[in-house]
Every structure is written in C-alpha cells, then in structure tokens.
Amino acid sequence: MQQSLFNRVQNILPYKGEAIFYPGFFSAAESDEYLIRLTNEINWKQEPIKMFGKEVMQPRLTAWHGDAAKPYSYSGITMQPQNWTNALLEIKEKIELIAGVSFTSALLNFYRDGKDSMGWHRDNEKELGLNPVIGSVSFGAERPFQFRNYANKEEVVSINLTHGSFLLMKGETQHYWEHRLPKANKINGKRINITFRAIL
Ligand SMILES: O=C(O)CCC(=O)C(=O)O
Ligand SMILES: [Mn+2]
C-alpha cells in the first residue's frame, strides 16, 4: 500500500499540534511538470491587502481556486473561487489519500524569487472549523518555512520545503503555532505553494 512508503514520517512540532512532512511526495519529474503547468495555467495576480489601515501590495502573486459553492471571506471581502484545473484536481486527489479529508478550496501562492514572502499568520479563519486540516504542497525553489509558538513568540521550528514536498498541518496546530515563509534574499528561483483547505 502506498501509505507504507511514508510510515516513517514524523511530526515536526514538539507539542500542541501536528505538522507532518513528506519530502518527495511527488517525484522530481512530476514536480517539474506541475511547476510548468501551474506557472502557465493559473491567472496569477498581485493583490493589495490592508495593513494598519493602508493598502499595500502583497509580496507575492496569488490565486484562489475551489468548489463554486464555497466562497471565501477574507479581510471583509467575499471571494468567488476560480474553477479547479486538472493539475489542481490531480494534486488534490493524491494528498486527500493521506489527509483523510476532502478539500474544498485552495490558496495558491507564487513567489517570484527570494524577495517574495509571507509574514507570520495562522490559518484559522472560522470557516475552516475548530482544528483546520491544511495540505501544503510546494514546487520549485526550496525555501525555509517556520513555525513559531504563538503565545511566547520564542520557540521556532524551521523546515526546508523542498520541490515536490507535502506538509500536512492538523490537530491543534493553528491554535498554538503561527507560521511564515521568510524572505530568502539569496534565492533566485521561483516557487509555487498550494494550501488546500476544507471550508465547512
Ligand atoms: O508558501 C508557503 O509555504 C506558506 C503559504 C501559507 O502559509 C498560506 O498560504 O497560508
Ligand atoms: Mn498559512
């Protein structure tokens, strides 16, 4: 059974939450192909967000895809998702075998190079339920990703998200840990990340 290939994987969080990392979840050839397909097929846009009352551009490109019946509200606006593409459906089916949930939605992020980033946050929108299951798939340049204890802002757990890797966050993770993708100025390559979510 395929799952047995992954039975030595471990939780990278020391307590209060589960973040299970599967490097090489997709083969190098599959990952190269998904990087090309997603780069070309997705309508990537740089969107503004409100920060401290001021509109600023996000330091990355984004897209939102998912079931039409599951709109998503974010900073006071409700967004209608784009339809699933074949590539997204193939990836979704494969990670659902491990995640054990049906994902309804995906946030896609395109980091043009190491100057693009995502700041500290939790994936804890209330439509994701009490203990969100988040399936995070990465293609392209390897980038460090960090968890930080939300309460004390001190304890940090870092992991390199490699080409074709899958990081599954579940349990109490979003209560006790925030996460970010810091800038990595020496990295020139592009990276795509997809976080699959289940909107209840
Ligand atoms: O790019 C990443 O690995 C993180 C993305 C993320 O945290 C998010 O989309 O909520
Ligand atoms: Mn996140």
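Here is a quick tour of this predicted model, from the overall fold to the ligand shell and two individual residues.

**The whole protein**

In terms of secondary structure, the protein has 14 strands and 3 helices. Its radius of gyration is 16 Å, close to the 16 Å that the globule rule gives for 200 residues, so the protein is as compact as a globular protein of that length. If you lay the C-alpha trace along its principal axes, you get a span of about 50 × 40 × 40 Å. Of the 200 residues, 30% are buried. As for who touches whom, take the contacts with a separation of 6 or more: 74% of them join residues 24 or more positions apart.

**Around ligand 1**

Now to the ligand. The residues around ligand 1 include Leu107, Asn109, Met118, Asp123 and Phe145, and further along the chain Leu161, His179 and Leu181. Ser136, Asn193 and Thr195 belong to that shell too. By character, the shell splits into 5 nonpolar residues, 5 polar ones and 1 charged one. Which strands each supply at least two residues of this shell? They are strand 7 (105–111), strand 13 (177–181) and strand 14 (191–197).

**Two residues side by side**

Ser136 is worth a look of its own, being one of the residues around ligand 1. You'll find Ser136 in strand 9, which runs over residues 134–140. Is Ser136 buried or exposed? Ser136 counts as buried, because it has 23 C-beta neighbours inside 10 Å and the cut-off for buried is 20 or more. Setting aside neighbours within four places in sequence, Ser136 is in contact with Leu167, Met169, Asn193 and Thr195. Two of those names, Asn193 and Thr195, also turn up in the shell around ligand 1.

Glu47 sits in a loop, the one between helix 1 (28–41) and strand 2 (48–51). Glu47 is partly exposed, because 13 other C-beta atoms lie within 10 Å and that count falls between the cut-offs of 12 or fewer for exposed and 20 or more for buried. Not counting residues up to four places away in sequence, Glu47 touches Gln58 and Thr62.

Each of the two also comes with a C-alpha to C-alpha distance to another residue:

| Residue pair | Separation in sequence | C-alpha to C-alpha distance |
|---|---|---|
| Ser136 and His121 | 15 residues | 15 Å |
| Glu47 and Gly164 | 117 residues | 26 Å |

Conventions: Residues numbered from 1 in each chain as written. Chains lettered and ligands numbered in written order. Predicted model: local features only at pLDDT ≥ 70, side-chain atom pairs only at ≥ 80, totals over all residues. Helix = DSSP H or I, 4+ residues; strand = E, 2+ residues; numbered from the N terminus. Contact = placed C-beta atoms within 7 Å. Near = placed C-beta within 6 Å. Nonpolar A, V, L, I, M, F, W, Y, C, P; charged D, E, K, R; others polar. Rg over C-alpha atoms; globule rule 2.2 N^0.38 Å.
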